[in-house]
Amino acid sequence: MPKRTGRPRGFNCDEALDRAMHVFWRKGFEGASLKDLTVAMGIQPASLYRAFGNKRALFEKALARYLAGPVAFVHDALNEPTAFAVADRILRRTAEFLTGGLRARRGCMTIQAAMAGGVEGEPIRRKLIALRVKEQDALRRRFERAKSEGDIPNDADAADLALFVTAIYQGMTVQAINGASREDLIRLSDTALRIWPK
């Protein structure tokens, strides 16, 4: 019997992409081999290329899925009515996210996926750095708005606050990987926010 190629019957593109996202999340861009991806997705390499393009294109689609799904709360938090509520929601939801079920000790995909240092991953590392900078800049703009509205003191520095919140929630990733519990991370969030400008 000739070996079957192509997509298996009942192939679900969204489900396969979700599985690829979890492989990249767990192993990083460079650490995820073609075999890891095709086994998890339940398809042959030729099908992967036909459906998603190359490995980099697949990663970028998986990253978009990650940003719109598991960590959408970071962007959504910008709609909170006060700057403190923005920071509090980001940090508390990060604590919940990092310690929830299968995600426990896995960390953040945008940090984990950029860890390895080969040539293949350099464009991905640059993309993820730009993404993190963009997220921090969105926080800065939100805090500048809060300042103009009188929600935070006039002498507060919006850029410093954005850097502070970003450093805390990124640091939570390391703590979660090290075994910190949800309660530990929530205490960290509460301690950090005690210095919030009144």
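**Exercise 1. Place T173 in the fold.** Find the helix that holds T173, decide whether the residue is buried or exposed, and list its contacts from farther along the chain.

*Solution.* Start with the address: T173 sits in helix 9, which covers residues 158–177. Keep in mind that you are looking at a predicted model. Next, check the accessibility. T173 has a relative accessible area of 3%, and because buried means under 20%, T173 counts as buried. Finally, look past the neighbours within four places in sequence: T173 is then in contact with L98, G107, C108 and I111. One of these partners, L98, is itself a buried residue of helix 6, and C108 is buried too, at 13% relative accessibility.

**Exercise 2. Describe the chain as a whole.** State how many helices and strands there are, and how much of the chain is buried.

*Solution.* Begin with secondary structure: the protein chain has 10 helices and 0 strands. Written along the sequence, the pattern reads α-α-α-α-α-α-α-α-α-α. Then turn to burial, where 41% of the 198 residues are buried. The exposed surface comes to about 10,600 Å², with 53% of it supplied by carbon and sulfur atoms. As a last step, consider the contacts between residues at least 6 apart in sequence: 68% of them join residues at least 24 apart.

**Exercise 3. Check the length of helix 6 and find its packing partners.** Compare the expected span with the distance between the end C-alpha atoms, then name the helices that its buried residues pack against.

*Solution.* Helix 6 runs over residues 83–98. Its 16 residues, at 1.5 Å a residue, should span 22 Å, because the expected span uses one less than the number of residues. The end C-alpha atoms are 23 Å apart, which agrees with that span. Now list the buried residues: A83, A85, V86, A87, I90, L91, T94, A95, F97 and L98. These pack against helix 1, helix 4 (55–68), helix 5 (72–76), helix 8 (122–148), helix 9 and helix 10.

**Exercise 4. Follow S189 to its partners.** Work out where S189 lies and which residues it is in contact with.

*Solution.* S189 belongs to helix 10, and its relative accessible area of 0% makes it buried. Along the sequence S189 and A87 are 102 residues apart, but their C-alpha atoms are 9.1 Å apart in space. With neighbours within four places set aside, the contacts of S189 are D88, L91, R92 and M172. Of these, D88 and R92 both lie in helix 6, and they come back in the next exercise.

**Exercise 5. Examine salt bridges within helices.** For three pairs, give the N to O distance and the spacing in sequence.

*Solution.* The whole structure has 17 salt bridges. Take these three in turn:

- E15 and R19 form a bridge at 2.9 Å; both are in helix 1 (residues 13–31), 4 residues apart. E15 is partly exposed at 41%, and so is R19 at 37%.
- D88 and R92 have their closest N and O atoms 3.3 Å apart; in helix 6 they are 4 residues apart. R92 is partly exposed, at 29%.
- R187 and D184 meet at 2.6 Å; both are in helix 10 (residues 182–193), 3 residues apart. D184 is partly exposed at 30%.

Why does such spacing suit a pair of side chains that point the same way? An α-helix has 3.6 residues a turn, so residues three or four places apart point the same way.

**Exercise 6. Sort the aromatic pairs.** Classify F24–F29 and F143–W196 by ring geometry.

*Solution.* A search finds 9 aromatic pairs. F24 and F29 have centres 6.2 Å apart and planes at 20°, so the pair is stacked, since the planes are under 30 degrees apart. F24 is buried at 0%, as is F29 at 3%. F143 and W196 are 5.5 Å apart, centre to centre, with 70° between the planes, which makes them edge-to-face because the angle is over 60. F143 lies in helix 8 and W196 in the segment after helix 10, so this pair ties together parts 53 residues apart in sequence. Both residues, F143 and W196, are buried. To finish, ring pairs also link W25, Y66, F73 and F97 into a cluster.

Terms used:
Residues are numbered from 1 along each chain as its sequence is written. This is a predicted model: local features need pLDDT of at least 70, side-chain atom pairs count only at pLDDT 80 or more; totals for chains, interfaces and linings use all residues. Side-chain values use heavy atoms; hydrogens and water are left out. A salt bridge is a side-chain nitrogen of Lys or Arg within 4 Å of a carboxyl oxygen of Asp or Glu. Helices (H or I, at least four residues) and strands (E, at least two) are DSSP runs, numbered from the N terminus. Buried means under 20% relative accessible area, exposed over 50%, partly exposed in between (1.4 Å probe, protein chains only). Contact means heavy atoms within 4.5 Å. Accessible areas come from the Shrake-Rupley method with a 1.4 Å probe; for residues, only the protein chains shown count as cover. Rings of Phe, Tyr and Trp (its six-membered ring) pair if their centres lie within 6.5 Å; planes under 30 degrees apart count as stacked, over 60 as edge-to-face and the rest as tilted.
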